[in-house]
Amino acid sequence: MPTVTFTAHDGSEVTVNGYAGDSVMETAVRNGVPGIVAECGGSLACATCHVFVCPESQDAVDPMAEVEDDMLYGTAVDRQENSRLSCQLKLKDGVDLHVQTPETQV
Ligand code: FES
């Protein structure tokens, strides 16, 4: 069972179990992880599921599609090189992920 570790802006950290095929966003919402709003429910229309992928997880996530890249210009906190929308990050068996949530999503 893959895990996702979320580090908040204040440095607090929570690690939750997830299911392969689910998104990081779904995993956060299901476990009540703060810092992910996900207004659109994962349909790539809100950019309130913004996360920063930590260096150790960079190689574990799939490349982003053009539409996600475009959406990342609408985040509440400016995008960085490691910005992703967590509804587009799929969990895989045997792969644990680590992301940081931004200070705000709205
Ligand atoms: S949940 Fe809306 S874009 Fe990810």
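Helices and strands here are DSSP runs, a helix being H or I over at least four residues and a strand E over at least two, numbered from the N terminus. The model is predicted. With that in hand, the chain can be read from its start. From the N terminus, the elements follow the order β-β-α-β-α-β-β. That comes to two helices and five strands.

Consider the overall build. The radius of gyration is 12 Å, and the globule rule gives 13 Å for 106 residues. The two values are close, so the protein is as compact as a globular protein of that length. The C-alpha trace spans about 30 × 30 × 25 Å along its principal axes. Of the 106 residues, 34% count as buried. Many contacts reach far along the chain. Among contacts between residues at least 6 apart in sequence, 67% join residues at least 24 apart.

Now turn to the sheet. Five strands form it, and it is open. Their order is 2-1-5-3-4, with mixed pairing. Strand 2 and strand 4 stand at the edges. Each has a single partner strand, so one side of each is left without a neighbour in the sheet. Neighbouring strands are turned by 35° against each other on average, direction ignored.

Begin at the edge formed by strand 2. Strand 1 (3–7) and strand 2 (13–17) pair in the antiparallel sense over five bridges. In this pairing, threonine 5 of strand 1 stands opposite threonine 15 in strand 2. The two strands form a hairpin, with five residues between them. In the turn sits glycine 11, whose phi is positive at about 95°.

Alanine 8 also lies in the loop between strand 1 and strand 2. Is alanine 8 buried or partly exposed? It counts as partly exposed, because it has 15 C-beta neighbours inside 10 Å, and a buried residue needs 20 or more. Its contacts come from elsewhere in the chain. Leaving out residues up to four places away in sequence, alanine 8 touches Pro34, Gly35 and Thr101. Alanine 8 and proline 34 are 26 residues apart in sequence, yet their C-alpha atoms are 8.0 Å apart in space.

Next come the pairings of strand 3. Strand 3 covers residues 50–53 and strand 4 covers residues 83–85. They run antiparallel and are joined by three bridges. Here phenylalanine 52 stands opposite serine 83. Strand 3 also pairs with strand 5, residues 97–100, in the antiparallel sense over two bridges. In that pairing, valine 53 has valine 99 as its bridge partner.

Valine 99 leads on to the interior. The largest nonpolar core has 21 residues, and Val24, Met25 and Val99 touch the most other members. Strand 1, helix 1, strand 3 and strand 5 are the elements that give two or more residues to this core. Helix 1 gives the most, with three residues. What does valine 24 contact, leaving aside its neighbours within four places in sequence? Its contacts are Val4, Val51, Ser86, Leu89, Leu91, Leu97 and Val99.

One stretch remains: the loop between helix 1 (24–30) and strand 3. Alanine 38 is found in this loop. Its phi is near 55°, a positive value in a residue other than glycine. Leucine 44 has its place in the loop between helix 1 and strand 3 too. Leucine 44 is not a glycine either, and its phi is positive at about 60°.

How do these two residues stand with respect to burial? Alanine 38 counts as buried, because 21 C-beta neighbours lie inside 10 Å. Leucine 44 counts as partly exposed, because it has 15 such neighbours.

Note on methods
Residues numbered from 1 in each chain as written. Predicted model: local features only at pLDDT ≥ 70, side-chain atom pairs only at ≥ 80, totals over all residues. Buried ≥ 20, exposed ≤ 12 C-beta atoms within 10 Å, placed from the backbone. Contact = placed C-beta atoms within 7 Å. Pairing = 2+ DSSP bridges. Axes fitted to C-alpha atoms, helices over the stretch in contact; angles between N-to-C directions. Rg over C-alpha atoms; globule rule 2.2 N^0.38 Å. Core = buried A, V, L, I, M, F, W, Y, C linked by C-beta atoms within 7 Å.
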